[in-house]
Amino acid sequence: MNIVLFGAPGAGKGTQAKELTKKYEIPQISTGDILREAIAKKTPLGLEAKKLMDGGNLVSDDIVNGLVEARLQEADCEKGFILDGFPRTVAQAEALDKILEKFNKKIEKVIALDVSDDEIIERITGRRVSKKTGKIYHIKYNPPVDEKEEDLEQRVDDNKETVMKRLEVYNKQTAPVLEYYKKQNKVYSVDGAKKLEEITKDIIDILEK
Ligand code: AMP
């Protein structure tokens, strides 16, 4: 099961990926998470990526392609993987096809989460992430039950101004990736405005079709 979760920032890719990893026991590969880890560790790559990420811009294709190529070679990807936040440009999608070809693999399905821009802004500005568990919450729509408010933090790039920039980048550079996969007949759209559990169910139905 080699799948791509596709959608604008805040469409719910990370939240849904976490549900799918539990169900199918395959890893979530989030380039955003990998980059944030590099920033936390203050590696040279992290320091280079930070400025771009904080401003809502994309990190270079070469960097993320290299990260994904290395990650896909780890043993836990054998049974499949869920890509979250990658590919984000057509050049990344092309590079991914080449990488997978080397391993005799291919992307089977691309699940596109549809959410309106207004909803995206509301979701991202209310998004909080647990410092302890990495779980994603929303202060209004999905507040934590078992975790304390003080254990939650807001991502540096989850403010309104940066979200507007990220949406612009998404529309310009990332949306064309969907056309790339449509040509390969791999795209399945899901209404990302539904309740979390309903979206998960819709995705599972598509994956098991
Ligand atoms: P995300 O956590 O997926 O929202 O990603 C956060 C930020 O990390 C993005 O706004 C980009 O700056 C950077 N990033 C994550 N994935 C990619 C990618 N595939 N290509 C380029 N930049 C990325």
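In the predicted model, 16 residues surround the ligand, and those that come nearest are T31, R36, N57, G85 and Q92. By residue class, this shell divides into six nonpolar, five polar and five charged members. Among secondary-structure elements, helix α2, spanning residues 31–40, gives the most to the shell, with four residues.

Polar contacts to the ligand involve both side-chain and backbone atoms of the protein. For R36, a polar side-chain atom is placed 2.9 Å from an oxygen atom of the ligand. For N57, the contact is made by the backbone: one of its polar backbone atoms lies 2.5 Å from a ligand oxygen atom. A ligand nitrogen atom is also engaged, at 3.0 Å from a backbone N or O atom of V59. Taken alone, the ligand exposes 480 Å², of which the protein buries 96%.

Apart from the ligand shell, the packing of nonpolar side chains was examined. The largest nonpolar core comprises 51 residues. Within this core, the residues with the most contacts are L20, L72, L83, L96, I107, Y181 and I203. Helix α7, covering residues 160–183, gives the most to the core, contributing seven residues.

The surroundings of L83 were examined further. When neighbours within four places in sequence are left aside, L83 is in contact with I3, V4, L5, I29, V68, L96 and I107. Two of these partners, L96 and I107, are themselves listed with L83 among the core residues that have the most contacts.

Technical notes:
Residues numbered from 1 in each chain as written. Predicted model: local features only at pLDDT ≥ 70, side-chain atom pairs only at ≥ 80, totals over all residues. Heavy atoms only, no water. Near = heavy atom within 4 Å. Polar contact = N/O pair within 3.5 Å; in protein donor to acceptor, adjacent residues only side chain to side chain. Areas by Shrake-Rupley, 256 points an atom, 1.4 Å probe, with all protein chains shown as cover. Helix = DSSP H or I, 4+ residues; strand = E, 2+ residues; numbered from the N terminus. Nonpolar A, V, L, I, M, F, W, Y, C, P; charged D, E, K, R; others polar. Core = buried A, V, L, I, M, F, W, Y, C linked by side-chain atoms within 4.5 Å. Buried < 20%, exposed > 50% of the residue type's maximum accessible area, 1.4 Å probe, protein only. Contact = heavy atoms within 4.5 Å.
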